[in-house]
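Trainee: Could you take me slowly through one part of this protein, and then show me how the empty spaces and a few single residues fit around that part? I would like one connected account that I can follow with the structure open.

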Amino acid sequence: MSKQVIPTRTVRRADSRRPQVLDADICVLGAGISGVSAALEAAKLGRKVVLVDGAPAIGGQAIGSIIGTIIGLYSHGPHAYQLTHGIADDLLRDLGAEGSISRSHGSTVMFQYDEVRLARWMETRVAAAGIDTLLGAVLTDVSFAERRVQYLQFATRFGSVRVRAKGFVDSSGDAAITYGAGLDVREPTAPVYGSLNFLIEGFDGEAVQALPIEEVRERLKSKGAEYGLVRHDGWLIPFPGKGFMLANINHIETPLDPLGSARMVFDGRRQADAVVGFLRSEFPAVFAAAKIRAYGNPGIRQTRWIVSRKQLTVDDIRSDVRPADAVARCAWWVELHDAPETVYWEQFPEGHVYYIPLGCMIPRDADNIVAAGRCVDADTQALSAIRVMGPCIAMGAAAAHALSIADGDAVHAVDLLELQASLHDNLERKD
């Protein structure tokens, strides 16, 4: 018995090419950890949310770049406490229950996660929250008038889409909404290097436990150039019981032009291959059979960021003064990747906590945009401290609450006491 023929039809693109229009209370551009945090918080507040990303799946660098570790979630010291809650609590609980996240406590509490399981967690939470999600969507236009974004226009493989909303979260990483609106943005005038993380498998799981990372770094410093490598610090982090390790041990330049972006991918993968070649030759007892299990996408630390009314500075984060418009806490150290060979660290005293103000998250000349993640307004040293995953989750939550309370009015004028009360756990809790 033959199968029934599936019916087809012939179509032709309409001449008008009118965009599909989506309406929302809050549109979130960028589905990395800060954007997912913003979208889930906004949905929890009862807002209609559209979440948009240019990739074919959500997760941003947390997934695609295999960041692999959650840092900046806790204070530093032997009595470290959690600084950021919200979706962080749910994430740690759910991934912990299935063994997809591993906790360690050195100078602070850090978590290593299975990026495949975190990706599924994000997807299921976003779907369960009823968030409209637009993927594979490239921003082509920002309609901006009278200090407000009117709509964002996107190109997708199925046609153009227009998203209208009362408020917009710019969690694009590159200040894409702010830049597209024609507003001032900042760019670094000297390189801030990214990394292309990757996963290694086939190493000796027992022998690697006795290999100090300091020995690897010293060998990289003395012999890395022979393998075409320039960075001589970084990390090799085995995931307990999983048979693979995370490698964050290279530096790549992050240009702002399309062709340069492709070269960045190729160079990052070349360096990853060279790292494995170095490990096989220099530490054969551990890595003789090692190979790359997966390459991440380029991990970008800094490109463009907004210009706000008050830039957050390194002096601000060195201080213990809480600003009047504080919306998030952080304790991570300055971690500036401004040289190909190594990283500049500035460590703070144990127990030191500083704050991220709402003011540095709002573009100076816009009333309905709030930035979250690495495109908030901070000098390069301060931004290197607050762009990690813990505070990015907190900034996403703050952006959602600020826009929800503003409800279409100027977010600059939001009631700070009401906003801070809604963010109590991320500002006050010490359990």
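**Helix α7 and its surroundings**

Mentor: In this predicted model, the buried residues of α7 are covered by elements that include β11 (198-201), α6, β12, α8 (284-287) and β14 (291-295). The helix itself takes in residues 258-282, which makes 25 residues, and from its first C-alpha to its last α7 reaches 36 Å, close to the 36 Å expected at 1.5 Å a residue. At the start of α7, a side-chain oxygen of D257 comes to within 3.4 Å of the backbone nitrogen of L259. The residues of α7 that are buried are G260, M264, G268, Q271, A272, A274, V275, V276, F278, L279 and E282. An α-helix has 3.6 residues a turn, so residues three or four places apart point the same way. With that in mind, you can trace G260, M264 and G268 among the buried residues of the helix, and then go on to Q271, V275 and L279, which are also in that buried set.

Two of the covering elements, α6 and β12, bring us to an open space. Both α6 (213-223) and β12 (235-238) supply at least two residues each to the lining of the second largest pocket, and the largest share of that lining, 3 residues, comes from β12. The second largest pocket holds about 210 Å³ of space. Its lining is made up of V208, Q209, L211, P212, I213, V216, L236, I237, P238 and F287, and by class these residues divide into 9 nonpolar, 1 polar and no charged.

Another covering element, α8, leads to the loop between α8 and β14, where A289 is placed. Is A289 buried or exposed? A289 is exposed, because its relative accessible area is 55%, and exposed here means over 50%. Leaving aside residues up to four places away in sequence, A289 touches E201 and G202. A289 also lies 13 Å from G243, C-alpha to C-alpha, although 46 residues separate the two in sequence.

From β11, also among the covering elements, step back to the loop between β10 (185-186) and β11, where N197 sits. N197 counts as buried because its relative accessibility is 5%, and buried means under 20%. A polar atom of the N197 side chain lies 3.1 Å from the backbone oxygen of I66. Apart from residues up to four places away in sequence, N197 touches S65, I66, I67, L246, A247, N248, Y295 and G296.

I66 and L246, both touched by N197, appear again in the lining of the second largest cavity, together with G68, Q112, Y113, E115, L199, F239 and F244. This cavity holds about 40 Å³ of space, and β5 (109-113) and β13 (244-248) each give at least two residues to its lining. By class, that lining has 6 nonpolar, 2 polar and 1 charged residues.

How many cavities of 30 Å³ or more does a search of the whole structure find? The search finds 2, and the largest of them holds about 60 Å³ of space. The elements giving two or more residues to the lining of the largest cavity are β1 (20-29), β9 (159-170) and α11 (389-406), with α11 giving the most, 3 residues. The full lining consists of D25, I26, R47, K166, G167, L403, S404, A406, D407, G408 and D409, and by class it has 3 nonpolar, 3 polar and 5 charged residues.

Two further buried residues complete the tour. Q302 is placed in the loop between β14 and β15 (305-306), and Q302 counts as buried at 4% relative accessibility. Beyond its neighbours within four places in sequence, Q302 is in contact with V192, T254, R374, T380 and L383. I33, found in helix α1 (residues 33-44), is buried as well, with a relative accessible area of 8%. Not counting residues up to four places away in sequence, I33 touches G59, I87, L91, M122, M389, C392 and I393. Between I33 and P56 there are 16 Å in space, C-alpha to C-alpha, and the two are 23 residues apart in sequence.

Notes. Residues numbered from 1 in each chain as written. Predicted model: local features only at pLDDT ≥ 70, side-chain atom pairs only at ≥ 80, totals over all residues. Heavy atoms only, no water. 1 Å grid on protein atoms, 1.4 Å probe; cavity = no way out; pocket = protein on both sides within 12 Å on 5 of 7 lines; lining within 4 Å. Points joined across faces, edges and corners; volume = space filled by probe spheres on them. Helix = DSSP H or I, 4+ residues; strand = E, 2+ residues; numbered from the N terminus. Nonpolar A, V, L, I, M, F, W, Y, C, P; charged D, E, K, R; others polar. Expected span 1.5 Å × (residues − 1). Buried < 20%, exposed > 50% of the residue type's maximum accessible area, 1.4 Å probe, protein only. Contact = heavy atoms within 4.5 Å. Polar contact = N/O pair within 3.5 Å; in protein donor to acceptor, adjacent residues only side chain to side chain.
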